[in-house]
Amino acid sequence: ITSFVSEMPTSWILRLLQLHLRAIPLGLPHEIEGEEIVAVEAAFDRRSLRQLQNKRGDIRSVLAPPRTSVAQFDDATLAALRAAASHGNDAAASVLAARLSSSEDLRDEALALQRRRFHEDPARLDALEAMVSLYQSTRRGAEALAVTQVLLVLEGRQEVVLPPDLSDLADPPEGVARVLFPPRFGPYPELGGMLWEVLAGAVRRAAERGRFQSARRVATNSVLGRTVASAAHLLQLPRATSIALRESLDPLWELDPSTAPPTVVLADAATEDSARLRWTLGSALEATRVGHLPITAFPPAESARWVSAALAAFSARPDVGADSSVNALAGQLLNGLPTRLQRRMSEVVHELGDDLSHARWRERVYQARCSAGMLVSGAFDVAASQLIAGSSNAGARPAQLIASWEPLRDLARFAVSEEYLLLRWSSVDSVRRRR
């Protein structure tokens, strides 16, 4: 059977490695577990089907070896499974991961396969269950708890899994901003940084009129001050980033852009619940990142005009309007930016193309803020509920949306990513143990 499988055309191998199909065409016993059933679909020719039927005892030994070892899984079969899995065959990936997990030396590969299965479709909760088991078997209890937290939420269960305390976390590596706002989102942060070169001065002059004078600065040595410092350190934001409190504020927080970096002005009421406070802190602190400020430092209507101005100044898109106020702002951009930055802004605007819109940019920034809130709080349930509450899906539960709503699917992918688990669930002690 080994030579028979290895000589099959790749297209036939891909068709063979399907899960949960009927065993009857092969004449295999019904007690074989679902994940071990390999069937030939109708397109497979009858002569080959008869060959397989005659060798059904051998196929069990090749494709369903004992769970304790992969020794009987010959190189040709492993290669076929890996090839099928790499081409998006989830059945092959599931079988291969289950087999690799039985070998201590191959469990990391099995874990990568299960993470990839979940990344491709976050509705595959069986991949999360397998990841929990694999993390437990490799003595990575913190990561197992993190993935369990996601699994419980997507199953609609209410159990709470607590993350490590912020003060126990190891120093974050460089590149947190790119983790929260991945390159696939587009070069919006770079565009925002260039826009802020022009906007910062005018915004700060307008904000200096005393709107936030009643806000109380949070002492750096207070409990809240230390939490803010730990959160800013985790997010790799400037140490000078600060928080102020006001008795009443709707919404719960906003930015004071008259300072550099901007100050987060938080409502007293927002400090009452610790998990929600940490999420709010993370989300608000992420809003102070320079590349987000053209979206977060303005009311939506005003930030939309600046996006339109960037399009009017640097894009030839026919859908860009000729509003006089927008054209005036476009003139400010052209006059306020050095020639070098004008060229680069033109390149970025053209790179974004039709994807560049105020709605899309705002959505991306909100996703990054939700991810930052989850990074600081370590609470997928809070992050998911806040993401949903800020959308047209308000009131729905994560379990209802995970199959189809892409922002939640992206958040779930981030919640089980290696980067997030390293940043939020690997405490100083666990890092030392691994060394």
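Select histidine 87 together with alanine 83 in this predicted model, and look at the gap between them, where the backbone oxygen of alanine 83 lies 2.7 Å from a polar atom of the side chain of histidine 87. Keep histidine 87 selected and add serine 86, because the side chains of these two residues are joined by a polar contact of 3.4 Å, which falls within the 3.5 Å allowed for such a pair of N or O atoms.

Now show the ribbon around this site, and you will find histidine 87 in the loop that runs between α5 (75-86) and α6 (90-100). Is histidine 87 buried or exposed? If you switch on the surface, you can look for the side chain there, since histidine 87 has a relative accessible area of 64% and is therefore exposed, the cut-off being over 50%.

Next, move to the sheet and select residues 253-256, which form strand β3, and then residues 263-267, which form strand β4; the two strands run antiparallel and are joined by four bridges. Following the chain from β3 to β4, you pass through a hairpin of six residues. Among the facing residues, pick out leucine 255, which stands opposite valine 264 in β4, and then aspartate 256, which stands opposite threonine 263 in β4.

Finally, select the whole open sheet, whose four strands follow the order β1-β2-β4-β3 with mixed pairing. Which strands stand at the edges? They are β1 (216-217) and β3, and each has a single partner strand, so one side of each is left without a neighbour in the sheet.

Definitions and conventions: Residues are numbered from 1 along each chain as its sequence is written. This is a predicted model: local features need pLDDT of at least 70, side-chain atom pairs count only at pLDDT 80 or more; totals for chains, interfaces and linings use all residues. Side-chain values use heavy atoms; hydrogens and water are left out. Buried means under 20% relative accessible area, exposed over 50%, partly exposed in between (1.4 Å probe, protein chains only). A polar contact is a pair of N or O atoms within 3.5 Å; within protein, one must be able to donate a hydrogen and the other to accept it, and residues adjacent in sequence count only if both atoms are side-chain atoms. Two strands pair if DSSP finds at least two bridges between them.
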